[in-house]
Every structure is written in structure tokens, then in C-alpha cells.
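Q: I would like to learn how to read the features of a protein model. Could we go through one step by step?

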Amino acid sequence: MEQTKPKRYYSVDYFKYFCALLIVVIHLKPLKYFSDTLSDFSINGIARIGVPFFFISSGFFLSKKLYAKKSVIKTYLLKLLAVYTFWSAVYATRLILIEIKNKSLTLSFLKALIIKYFLYGISEHLWFCISLLISALLLWLIHKIRLQKYTFLFSLILITAACVFLTYVKTVTKVFPALEGLSFEHCFWLFRLLVFGPCFVFLGDFICAKEEKILSLKNKLYYIFGAALIIHIAEKSFNYRHGDNLLINFSLYLLVMSIFFLLIKNPGKDGAGVSIYARNASAFTYYSHIIVLEAVGYLSDSYLIKYISVVLITLILSIILTKINNKKLNYVLM
């Protein structure tokens, strides 16, 4: 009996690289070259789809294997842990070298790095790995106890609770004095690790489970995307005018979900094997762009030139690594 080949979603790979570029936009702010207003609107608007999209796609593809009853969770978590540990070591080495250069290296500094590894991420963007580890484990447990039909409900509860809590965190601390010691930074850290990741990973699981029903909507998916985009722009415009630029709100949830709908509807083609390069470039760009920025930062004071330099260098390096195709190297790098 001939086995059916698993469906490939090349468009998701291409869009993941686009999302990696958006994340670099958030950190480098290249649109400041043109306008501060345009830059602020972009980094607090459309550029914010990057990380949620990574979480949704991770949940979607992990769920493909979980629904097929494949024993993948151990392999998945070990691979993710290897990537996280490697890049943590890279950024930790950079910080230690700076301390040595300044003759200020102390035992307490090294202890702080270890705490960051387990709780925050040694470099701020590495929180993604910790949150994905937690989210993947939670998703596996949900499948294990057969509650996967409720993942969309869990996702909605998480996103609603997060939006409300982050909006009214100052009010909450007044109503509940026991929470007085919690700063917005503490709350946002907990939110990113325990809410942000699971919310979108669970959404990816829901999309995986309901893929056939979603695809049956056909061209209506474009209307869903259009409505989500209009809501997102309207919400961001309102927030911008009122000085309220929270890093997540409900319109972002709708927008990323509708984009993923369109991508699975239009899986694309893999001309000349480009999708593997896009997939590897997205991961390598995300993990390496902070350290690459520091390496090229002296070249210019221009935000735009820095952005172009980082994008080109990370792309070239990822292409070289893909060409070399060293399994051990790729296992920890991307």
C-alpha cells in the first residue's frame, strides 16, 4: 500500500523568515530613518506578529505529530533545549568577556547569569525558548489527558486574561495590596513565559485539529483576514493616540490567526528548495541578530544601515550553514 506523503506548507516557511525580519525591526527600529511616528507605529503594530506566528507554527506542527500519535515530545524538548543552551552560552560568553574587560567580573554576576538562564533568558529575546518549552510540555499533557478539544477555549481564556491584566495591572495592585510588590516588568515577564507562549501554541493546535473545516471556508478566509487587519489598525491607531501601546492586545490574536489560515490555504511551492533556506534563515536570524548587531554597530549610526547589515549577514551565514548541512551544528544553531 502506497503511503501518502505528509502535506508541506512552504508558505509558512517563507512567512517565518518575514516574521524574523519583523522581530529585527522591533529591536533595531530602522524606520526611524524615515519617521519616529512611522517607527513607533510599526514596532507596536504589524511587527508584533512575529513571535506569535512562531508560537502558532510551533504548536501547529507539533500537534500534527501528536494527533498522529507519534512519540515526539522528548525529541522536541531536547532539540529546543540544545538550541537554547547553545545560544545562552554564546550570549553569556559575550557578557563575561565584557565584565573581564572592565575588570568587574564577580561571583554574584555569574550567579545572576545562571538565574537568568533558568528564568528569563540570558539575552532578552531567548525568553521565547523558555516559553516554548513550557508551552510544548503543556500541550503534550493536554493531549495525554485527552483535553485537546478544549485548546481553543484555553487559548481564548489566556489571551483575554492577559489583555485585561496587563491593561489594569496598576488597578489590580491597588485592589489587592498583596500584589503591591509586583511591578509591570514582573507581570510582563510572567505573562510572556506562562501566557503568551501557551496561548498561541494552543491556537496552533486548534488550527491543526480544525484544518479541514477552516479550508472549507475557501475565499471567505480573505474576508476574515481583511476584517482582522482593519480591526488591528483601528485598535493600534486608538492606542497610539491615547498613549497606550501595550505589546499585545486582542486584535493581534485575530490577525495572526487569520494570516495562518491563509498560509495553510495557500501552501505554496518549493522552487529550487528555497523553503529549507527560509526556515533555517528565520531561526538563525532570530537567535543571532542581537550579537550580529553588536558586531556591526560601529559601522554607522544609521538605524537603516544597521538593519540592512544585520539582515544581510545573518542571511548569508544561514545560507552557508544550510549548504554545509552539518547535522550536529544545525542541531544547536537553528
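The dialogue below takes up the fold, one residue, one helix, ring pairs and salt bridges.

Q: What kind of model is this, and how are residues numbered?

A: This is a predicted model, in which local features need pLDDT of at least 70, side-chain atom pairs count only at pLDDT 80 or more, and totals for chains, interfaces and linings use all residues. Residues are numbered from 1 along each chain as its sequence is written, and side-chain values use heavy atoms, with hydrogens and water left out.

Q: How many helices and strands are in the chain?

A: Helices (H or I, at least four residues) and strands (E, at least two) are DSSP runs, numbered from the N terminus. The chain has 15 helices and 0 strands.

Q: How much of the chain is buried?

A: Buried means under 20% relative accessible area, exposed over 50%, and partly exposed in between (1.4 Å probe, protein chains only). By that rule 46% of the 334 residues are buried. The accessible surface (Shrake-Rupley method, 1.4 Å probe) comes to about 18100 Å², with 67% belonging to carbon and sulfur atoms.

Q: Which residues is V12 in contact with, beyond its neighbours within four places in sequence?

A: Contact means heavy atoms within 4.5 Å. Under that cut-off V12 touches F53, S57, F61, F260 and L263. V12 sits in helix 1 (residues 10-28) and is buried, because its relative accessible area is 0%. For the chain, 81% of contacts between residues at least 6 apart in sequence join residues at least 24 apart.

Q: What span should helix 3 have?

A: The expected span of a helix is 1.5 Å times one less than its number of residues. Helix 3 (residues 50-67) has 18 residues and should span 26 Å; its end C-alpha atoms are 26 Å apart, which agrees. Of these residues 14 are buried, so helix 3 is largely enclosed by the rest of the structure. Just after helix 3, K69 takes a positive phi of about 60°.

Q: How many aromatic pairs does a search of the whole structure find?

A: Rings of Phe, Tyr and Trp (its six-membered ring) pair if their centres lie within 6.5 Å; planes under 30 degrees apart count as stacked, over 60 as edge-to-face and the rest as tilted. The search finds 27 pairs. One of them is Y84 with Y117, which is stacked because the ring centres are 4.9 Å apart and the planes are at 25°. This pair links distant parts of the chain, with Y84 in helix 4 (residues 73-101) and Y117 in helix 5 (residues 107-119), 33 residues apart. The rings of F86 and W87, with centres 5.3 Å apart and planes at 85°, are edge-to-face. F86 is partly exposed at 29% relative accessibility, whereas W87 is buried at 4%.

Q: Which parts of the chain does the salt bridge between R94 and E294 tie together?

A: Side chains of opposite charge can pair when their charged atoms come close. A salt bridge is a side-chain nitrogen of Lys or Arg within 4 Å of a carboxyl oxygen of Asp or Glu. R94 and E294 meet in one at 2.3 Å, N to O. R94 lies in helix 4 and E294 in helix 13, so the pair ties together parts 200 residues apart in sequence.

Q: How many salt bridges are found in the whole structure?

A: The search finds 4. Among them is K7 with E211, whose closest N and O atoms are 3.6 Å apart. K7, K64 and E211 are linked in a network of salt bridges.
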